[in-house]
Amino acid sequence: MYLVENSRSSTTSGCPNGFACQICDALGTGHGSFIKPNGERYAEAHHVIPDSEQGIGSLGASNINILCANRHRQMHHGDVRIERMPKSFGLEIDGKLLSIKPFALIT
Ligand SMILES: [Zn+2]
């Protein structure tokens, strides 16, 4: 399986939610992604704390959300507020408050 991280491809050991966009899922808007020739859903890994900051844990699964390409761009360029919670990220996006688990805690 391959997961795109900032235009680089990297291998993963799998994705419990089938690469579904966590924000589209939480908003109930349906999945804005496409299915790849191998049958897997296209997804991107978003580092909630930017990996460019290279903070402790910024590259770990506890700092990653699985997003469709559109929501990934929105997280970087849209009007989104983020708050780190003990076991999730609190997001204010499209006028709604969401609690999104990091990739490490998806079951
Ligand atoms: Zn999405």
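**Group meeting talk: a predicted model, from one histidine to the sheet**

Let me begin with a single residue, His76, which counts as exposed because it has 11 C-beta neighbours inside 10 Å, and the cut-off for calling a residue exposed is 12 or fewer. His76 belongs to helix α2, which covers residues 69–77. If you look across from there to Val48, you will find that the two residues are 28 places apart in sequence, while their C-alpha atoms are 9.4 Å apart in space.

Before going further, I should say plainly that this is a predicted model, and that its mean pLDDT is 83, with 86% of the residues reaching 70 or more. Please be careful with residues 1–13, where pLDDT stays under 50 and where the model has 16 contacts beyond four places in sequence.

Now to the overall plan. The protein has two helices and seven strands, and if you follow the chain from the N terminus, the elements come in the order β-β-α-β-β-α-β-β-β. Of the 107 residues, 21% are buried. Taking the contacts between residues at least 6 apart in sequence, 47% of them join residues that are at least 24 apart.

Which residues make up the largest nonpolar core? There are twelve of them, namely Phe19, Cys21, Ile23, Ala43, Ala45, Ile64, Ile66, Leu67, Cys68, Leu91, Ile100 and Phe103. Strand β4, residues 64–67, gives the largest share of this core, with three residues. One member that I would like you to find in the structure is Cys21, which, once its neighbours within four places in sequence are set aside, is in contact with His31, Gly32, Ser33, Ala43, Ile66, Leu67, Cys68 and Arg71.

Let me turn to the sheet formed by the last strands on that list of elements. In general, strands of a sheet pair through backbone hydrogen bonds, and this can happen in a parallel or an antiparallel way. Here we have an open sheet of three strands, in the order β5-β6-β7, and the pairing is antiparallel. The edge strands, each of which pairs on one side only, are β5, residues 81–84, and β7, residues 96–100. Neighbouring strands in this sheet are turned against each other by 20° on average, with direction ignored.

We can walk through this sheet one pair at a time. Strand β5 and strand β6, the latter being residues 89–93, are joined by a hairpin of four residues, and they pair over four bridges in the antiparallel sense. Within that pair, Arg84 stands opposite Phe89 of β6, and Ile82 has Leu91 of β6 as its bridge partner. You have met Leu91 already, as one of the residues in the largest nonpolar core.

How many bridges link β6 and β7? There are five, again in the antiparallel sense, and among the partners are Ile93 and, in β7, Lys96. The hairpin of β6 and β7 has two residues between the strands, and in that hairpin Asp94 takes a positive phi near 50°.

Note on methods. Residues numbered from 1 in each chain as written. Predicted model: local features only at pLDDT ≥ 70, side-chain atom pairs only at ≥ 80, totals over all residues. Pairing = 2+ DSSP bridges. Axes fitted to C-alpha atoms, helices over the stretch in contact; angles between N-to-C directions. Core = buried A, V, L, I, M, F, W, Y, C linked by C-beta atoms within 7 Å. Buried ≥ 20, exposed ≤ 12 C-beta atoms within 10 Å, placed from the backbone. Contact = placed C-beta atoms within 7 Å. pLDDT = per-residue confidence, 0-100.
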